[in-house]
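Morning, everyone. I'll walk through one structure today, starting with burial and then going helix by helix. Have a look at it first.

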Amino acid sequence: MNVQQELEELMLTYEGVCAIFITDHDGGLILNVGLPASLDNSRFRQQLIVSHVTTIPQIHKLSMGGHQTTFAMYESHQIAIHSLAKYYFIVHAGCNTNTGAMLALREKLAPIANYMMSVCPPIDGDGLMPPPSYPSAAAPPPDFD
């Protein structure tokens with residue numbers, strides 16, 4: 001499987017999707033595909049990734065289980081962040097994109113995440129945990145106050 005090609009095909013299938021980024025749980029960029037205007041704005045991309053990585057520990061304080069999907073809508077764009085296996089798939093789209101389609105994209109991204117896990121499993125072995133979701137590596141320890 002060519003992950004980049006699969007992501008490009010998915011991106012083109014959904015009208016309005018500008019880019020898809022894959023990061024690890026520490027915010028390290030693994031792969032990105034998208035329209036040139038989206039990818040050229042590296043400052044936006046880095047701010048997006050950093051803001052997400054700093055948000056995840058706060059989400060875990062709600063004690064609602066592992067992160068699956070975070071969605072945000074802004075004036076000029078929408079963002080869906082899907083946590084699959086040990087990766088975050090960040091989907092960036094225009095403000096008029098079908099929100100339900102962005103959330104349903106999770107099902108299409110799951111086989112890609114599973115393939116990535118089989119090719120390059122995590123070093124710490126956490127990837128052997130059962131689905132449907134994995135706690136973030138950025139989550140505070142259980143006894144953290």
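One definition before anything else: I call a residue buried when its relative accessible area is under 20%, and exposed when it is over 50%. Also, keep in mind that this is a predicted model.

So let's take Gln 78, which sits in strand S4. Is it buried or exposed? Its relative accessible area is 0%, so Gln 78 counts as buried. What does a glutamine side chain reach in there? The side chain of Gln 78 gets to the backbone oxygen of Gly 94 at 3.0 Å, and to the backbone oxygen of Thr 97 at 2.9 Å. Leaving aside residues up to four places away in sequence, Gln 78 touches a list of residues that includes Phe 71, Met 73, Val 91, His 92, Cys 95, Asn 96 and Met 102.

Okay, let me zoom out. The protein chain has four helices and five strands, and from the N terminus the order reads α-β-β-α-α-β-β-β-α. Of its 145 residues, 40% count as buried. If you take the contacts with a separation of 6 or more, 55% of them are between residues 24 or more positions apart.

Now H1. At its start, a side-chain oxygen of Asn 2 comes to within 3.2 Å of the backbone nitrogen of Gln 4. Which residues of H1 are buried? Val 3, Leu 7, Leu 10 and Met 11 are. They span an arc of only 100° around the axis, so they are on the same side of H1. The general logic is that an α-helix has 3.6 residues a turn, so residues three or four places apart point the same way. Over on the other side of H1, Leu 12 and Thr 13 are exposed. As for partners, the buried residues of H1 pack against S1, S2, S5 and H4.

That brings me to H4, residues 99–119. At the start of this helix, a side-chain oxygen of Asn 98 reaches to within 2.8 Å of the backbone nitrogen of Gly 100. Quick check on length: with 21 residues at 1.5 Å a residue, H4 should span 30 Å, and its end C-alpha atoms are 31 Å apart, which agrees. There is a bend, though. H4 has a kink of about 40° at Leu 109, shortly before the proline Pro 111.

Leu 109 is also one of the buried residues of H4, and others among them are Ala 101, Met 102, Leu 105, Arg 106, Ile 112 and Met 116. Yes, there's an arginine in that list. What do the buried residues of H4 pack against? Helix H1, and strands S1, S2, S3, S4 and S5. And you've already met one of those contacts, since Met 102 is among the residues that Gln 78 touches.

Last stop, the cysteines. How many disulfides does the structure hold? Zero. Cys 18 is in no disulfide, and the nearest cysteine sulfur, in Cys 95, is 9.6 Å away. Going by the same pair from the other end, 9.6 Å is too far for a bond to Cys 95; the cut-off is 2.5 Å between the sulfurs. Their surroundings are worth a look too: Cys 18 has 16% relative accessibility, so it counts as buried, while Cys 95 has 36% and therefore counts as partly exposed.

That's my tour. Questions, please.

Note on methods:
Residues numbered from 1 in each chain as written. Predicted model: local features only at pLDDT ≥ 70, side-chain atom pairs only at ≥ 80, totals over all residues. Heavy atoms only, no water. Helix = DSSP H or I, 4+ residues; strand = E, 2+ residues; numbered from the N terminus. Expected span 1.5 Å × (residues − 1). Bend = angle between axes of the 7 residues up to and from the residue. Buried < 20%, exposed > 50% of the residue type's maximum accessible area, 1.4 Å probe, protein only. Contact = heavy atoms within 4.5 Å. Polar contact = N/O pair within 3.5 Å; in protein donor to acceptor, adjacent residues only side chain to side chain. Arc of directions from axis to C-beta.
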